[in-house]
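Colleague: Please take me through one part of this model in close detail. I would like to look at the surroundings of the ligands.

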Amino acid sequence: MGGALTTEQIAEGREKLVESLKAKATDILTRQPGNRCCKYLIPFLDSEEGKALTDDDLQTFYRCVRTGIDNEDSGLGCYAMTPDDYKKFGGFFNKVIRDYHGDETGEKKHETDWDASGVGEGGVLDVRKIGFEQELSMRVRVGRNLKAFNLPGKMDQAERIKFEQTMLTAFKSLVDNPEYGGNIYSLTPDFGEGAENPNKIDDAKYQELVDAHVLFKDMDADSFLKSAGISSDWPYGRGCWQSEDKQCIIWFGEEDQLRIMCMKKGFLLNEVFDRLNTMLKAVEAIDGIEFATSEDYGYITSCPSNLGTGMRASVHVKIPNLTSDGTDAKAKEVCNPLGLSVRGTGGEHTPIGADGTVDISPRARLFIKEAEIIAKLYEGVKLLMDQENAAVAPAAEEAAAPAAEEAAAPAAEEAAAPAAEEAAAA
Ligand code: ADP
Ligand code: CIR
């Protein structure tokens with residue numbers, strides 16, 4: 001079922017829009033009971049709060065939830081269009097957020113806390129201590145959005161260009177800072193009315209940066225983002241700044257206005273975490289940079305899954321035994337109870353590496369301290385590697401009796417259910 005409402009249908013009036021949304025949500029829930037958007041939009045539209053929405057707000061609400069109607073298999077199925085939406089449509093978002101992030105009390109408030117002095121040994125998280133002899137590729141990113149702009153789902157082309165131009169001023173102060181320096185790479189074809197974009201890169205350079213994990217993939221290919229308007233006007237207002245030593249990167253124009261990250265190969269997880277913290281302070285000190293926050297949910301992000309810290313801390317690790325069937329099914333089965341997400345080597349929705357390399361990150365983002373995320377990554381990877389080492393190596397498996405293979409088969413089936421939940425936890 002396609003699900004998208006036409007402009008004509010919308011124009012036919014408020015009542016029709018509300019009834020149509022409720023009917024579609026009811027229908028979708030019969031097939032996809034895990035679709036939180038559908039589950040919570042029905043009681044919200046029936047509530048006093050929902051009924052009191054102005055026509056304009058109802059239209060914005062529709063833009064927030066359309067992705068969950070168009071994409072039946074959504075786990076969340078909604079994105080905010082402005083930082084205010086989490087409050088304006090609180091009766092809806094609050095339910096989705098507390099369900100997804102597992103707050104049964106309904107009362108938790110997010111606290112930001114980067115103090116990592118208590119993690120590991122005196123703040124040091126050395127992966128050599130958990131058995132790694134080769135350097136790991138480590139990355140920590142946060143999603144951030146400026147108060148002064150709409151979130152990407154509601155930006156038009158002109159606002160995307162204006163946002164990029166605002167960030168160019170901010171990037172200049174990083175480029176001028178000897179600690180960072182670096183370059184700006186932009187996909188924006190022009191700055192409007194024939195104005196040239198001085199940072200424009202060609203397709204080959206774009207692909208090189210995607211392959212090097214520096215720039216993000218074509219968002220227009222993502223149906224979840226497309227229905228939310230987040231990938232609209234592609235590739236206007238999209239690009240990144242990268243520091244001279246290539247370790248510090250700021251994306252602009254992806255799912256959040258900004259994704260700010262540190263990435264390097266090494267042994268000490270705390271190094272990327274600490275450097276990101278320092279860089280964030282430098283960015284926040286720049287004139288005109290004021291991040292959108294919420295009293296309850298910390299840093300505002302487009303997707304409710306990223307609220308709070310906005311942080312994803314990941315490492316690339318090789319787990320050939322747990323991926324010997326060429327899929328990530330077994331890895332997900334092991335990682336789910338550890339609170340870890342498994343992604344491919346090119347990030348979300350990409351395949352695992354041929355050598356069994358996967359991207360591992362803690363799933364939690366909200367109602368957790370920043371320092372706890374990096375500690376969870378360290379502890380989680382340790383437990384994962386214990387299971388990897390205990391798993392039958394592919395060579396040993398081949399030598400085993402065929403009966404062993406049969407016994408292993410149901411495990412892949414069992415993994416299918418948690419994998420669906422995992423998709424939502426991206
Ligand atoms: P995000 O992390 O912002 O949610 P993705 O999962 O799509 O987005 O990842 C974005 C890019 O970052 C991809 O190219 C991915 O391979 C890369 N990446 C993520 N973690 C690491 C890591 N630990 N080492 C190297 N590259 C990484
Ligand atoms: C869903 O609801 O399943 C999709 N909107 C994807 C959510 C994953 N989170 C994300 O991309 N930040």
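Modeller: Here are the two ligand sites, followed by the nonpolar cores. This is a predicted model, in which local features need pLDDT of at least 70, side-chain atom pairs count only at pLDDT 80 or more, and totals for chains, interfaces and linings use all residues. Residues are numbered from 1 along each chain as its sequence is written, chains are lettered from A and ligands numbered from 1 in the order in which they are written, and side-chain values use heavy atoms, with hydrogens and water left out.

Start with ligand 1. Its shell holds 19 residues, where a residue counts as near if one of its heavy atoms lies within 4 Å. Ser137, Arg139, His213, Ser314 and Arg343 come nearest. Three polar contacts (pairs of N or O atoms within 3.5 Å) can be picked out. Oxygen atoms of ligand 1 take part in each one. A polar side-chain atom of Arg139 lies 2.6 Å from an oxygen of ligand 1. For a side-chain N or O atom of Arg343, the distance to a ligand 1 oxygen is 2.4 Å. Thr345 uses a polar backbone atom, 2.8 Å from an oxygen of ligand 1. Alone, ligand 1 exposes 550 Å², and the protein buries 95% of that (Shrake-Rupley method, 1.4 Å probe). Strands E1 (136-144), E5 (258-266) and E8 (311-318) each give two or more residues to the shell; strands here are DSSP runs of E, at least two residues, and helices runs of H or I, at least four, numbered from the N terminus. By class, the shell has eight charged, seven polar and four nonpolar residues, with Gly counted as polar.

Ligand 2 has 13 residues around it, and Gly75, Leu76, Gly77, Tyr79 and Glu255 come nearest. A polar backbone atom of Gly75 is 2.9 Å from an oxygen of ligand 2. Nitrogen atoms of ligand 2 face two side chains: Tyr79 at 2.8 Å and Glu255 at 3.0 Å. The protein covers 95% of the 340 Å² that ligand 2 has on its own. This shell divides into six nonpolar, five polar and two charged residues.

Now the cores. A nonpolar core joins buried nonpolar residues other than Pro through side-chain atoms within 4.5 Å, buried meaning under 20% relative accessible area. The largest has 67 residues; Met279, Val317 and Ile360 touch the most other members. Helix H13 (residues 370-390) gives the largest share, eight residues. A second, separate core has 57 residues, including Tyr86, Val210, Val214 and Ile249.

Methods:
A polar contact is a pair of N or O atoms within 3.5 Å; within protein, one must be able to donate a hydrogen and the other to accept it, and residues adjacent in sequence count only if both atoms are side-chain atoms. Buried means under 20% relative accessible area, exposed over 50%, partly exposed in between (1.4 Å probe, protein chains only).
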